[in-house]
Structure formats: C-alpha cells, structure tokens
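Let's take a walk through this structure together, from the sheet to the core and then to the ligand. Have your viewer ready and follow along.

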Amino acid sequence: MSHLRKKVIAANWKMNMTASEVTAYLTNFLEEIKTVLAVDVILIPSFTSLPKSSELLALIPGIYLGAQNISSHDKGAFTGEISAAMLRDLFVRYVLIGHSERRHLFGETNDLIHAKIAIAHRHEIRPILCIGETLEERLAGKEKQVLEQQLREALTGFSLEQLANTIVAYEPVWAIGTGKTPTLDQAEESHLFIRSTLAQLSNSTTAQKIRLQYGGSVTPANTREFLSAPNIDGVLVGSASLDPRTFAQIFLQAQHA
Ligand code: PEP
C-alpha cells in the first residue's frame, strides 16, 4: 500500500450482536488493541447499536463509526428508513453502500447506490462503495467489465474532493463468507484495475488518494499478505470481525503490514 494513503480496516457486523453484546465487544476490543496510530479502524454495527457505540467511542481517536445502510431520501414518509441526518447526529462518519447482500438480497441497483452516495456526501458521511463480481461473471471472464460498470454508474458526477473521500471495497461475491479468496496476484490485478478506472472517472492524482479495501474471507492469517499489495490499502472484514480478539489480531497484523 502507498504511503500516501492511511491504512483502513473495517468490521461489518451485519445483522449480528445486540447493543449489549456490542458494549461487551468494544470493551474487549479496546483492551486488546491499546493504541491506534498507523491504521484507521471503522466499526460498522447495526443501527440499534449505533447510539451506544457512539457514546463508547466518542473519545477514542482513530476508531470511527460506520453504518450498514442509508436512505437515499432526505426525510419524510419513508417508513423504516434511516436518514443521513440521523446518522450524522450519532457521529457516524462512514457508510457501507452497495454491499453485495444489499445488491443481491434487496435488489439495490447502481442508480440507487449512486443516490445513496450522493446523500452521504451531502451530509459529510464518507461512503464505502462495495463492488465485486459473482463467480459466474468471473468464470465468463467478465469481471473487469462488471467492476467498471459498477464504478461508472455509482461514481459518475461527483467532485474530485468527494471522490477522494470515498473508499472503494473490492469484494468478489464468491469470496464473501466462503473461505475462498483470490490469489494475491488476482487481488492486486483487480485493485489496480479499479484504481485506473477511478483515474478515468477523476484524474490520476485523485485516484491515488482513494483508499481501496479488499473484502472476502479475510482472517488474521491473510491480512498482511493482502496489505502487501501496492493497491490494497485496507481490509473489510465480515465473519472474522465478530470476535473482538480475532478482529484485534487483524488490526495488529494491519499495523505491522
Ligand atoms: C463482507 O460481507 O463484507 C465480508 C467481507 O464477509 P466475510 O469476511 O465473512 O467474507
């Protein structure tokens, strides 16, 4: 990873852990990691755990709160939705947008994802845009085409500053929760392709500022290897982030990568 870009690791807890469980998690995690200097840490609990997490993390530098979703509307008659202003009010700094589960289980399109990115930026919440090909698409040799389309349709029309404040997470769908991972060469090839597409959507200086994460079956054992790739600046972790000690090990690996 480049010295220009600070490493960033994120924990996506999905629909796991109650607010009380998150409180216990944070106590354990903070004990394990002690200092946060070289790496930004983003913790992404479910909505109901955001208030408590926000309180507990308020005075801790380097650890940020993220949300798993955001409404594409500002406010109003949208029962069950959570707005950007509601998230900001809880000091949420990042939001996952376009996670493969939202795309595949909840039918999120690139257009909707674009609208969510726009509203997040308007409220100064940094989007973590998730992209990635399915196994079928990879086997058909279409992965670059898919990644390019996901990037173009989600990110066209934003300012250079907004793009620089966006994280892009490359998560091959076939690697999420499966224990399967791309080789280091395959992962670097995809991230390099993503960065050059981002340069086309902005310019090369801006593309060099955008942090790229790898996600999909990350563990303490493979974190350092992924982070050794020049275009991988961090990891987005699902299953292995559910245990505070395991996620603390990932953090320590990232700090030494
Ligand atoms: C994810 O869902 O973002 C993810 C990377 O999951 P896992 O680490 O379990 O593969």
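In what order do the strands close into a barrel, and is the pairing parallel or antiparallel? Keep in mind that you are looking at a predicted model. Eight strands make up the barrel, following the order S1-S2-S3-S4-S5-S6-S7-S8, and their pairing is parallel. On average, neighbouring strands of this sheet are turned by 25° against each other, direction ignored. As background, strands of a sheet pair through backbone hydrogen bonds, either parallel or antiparallel.

For a closer look at one pair, pick strand S2 (residues 39–44) and strand S3 (residues 63–67): they run parallel and are joined by three bridges. Here you can find Val-41 standing opposite Ile-63 in S3. Helix H9 (residues 184–201) packs on the sheet, where it touches strands S5 (126–131), S6 (167–170) and S7 (211–215). The direction of H9 makes about 145° with that of S7.

Now turn to the nonpolar residues. The largest nonpolar core has 62 residues, and within it Leu-155 and Phe-247 touch the most other members. Beyond its neighbours within four places in sequence, Leu-155 has contacts that include Ile-117, Leu-129, Val-168 and Leu-198. A second, separate core has 11 residues, among them Ile-44, Ile-167, Ala-169 and Leu-236.

Finally, visit the ligand. There are 14 residues around it, and those that come nearest are Lys-14, Glu-171, Gly-177, Ser-217 and Ser-239. Lys-14 places a polar side-chain atom 2.6 Å from an oxygen atom of the ligand, and Glu-171 has a polar side-chain atom 2.7 Å from a ligand oxygen atom. With Ser-217, a polar backbone atom lies 2.8 Å from an oxygen atom of the ligand.

Key: Residues are numbered from 1 along each chain as its sequence is written. This is a predicted model: local features need pLDDT of at least 70, side-chain atom pairs count only at pLDDT 80 or more; totals for chains, interfaces and linings use all residues. Side-chain values use heavy atoms; hydrogens and water are left out. Two strands pair if DSSP finds at least two bridges between them. Helices (H or I, at least four residues) and strands (E, at least two) are DSSP runs, numbered from the N terminus. Axes are lines fitted to C-alpha atoms, for helices over the stretch in contact, and angles run from 0 to 180 degrees between N-to-C directions. Contact means heavy atoms within 4.5 Å. A nonpolar core is a set of buried Ala, Val, Leu, Ile, Met, Phe, Trp, Tyr and Cys residues joined through side-chain atoms within 4.5 Å. Buried means under 20% relative accessible area, exposed over 50%, partly exposed in between (1.4 Å probe, protein chains only). A residue is near a molecule or strand if one of its heavy atoms lies within 4 Å of it. A polar contact is a pair of N or O atoms within 3.5 Å; within protein, one must be able to donate a hydrogen and the other to accept it, and residues adjacent in sequence count only if both atoms are side-chain atoms.
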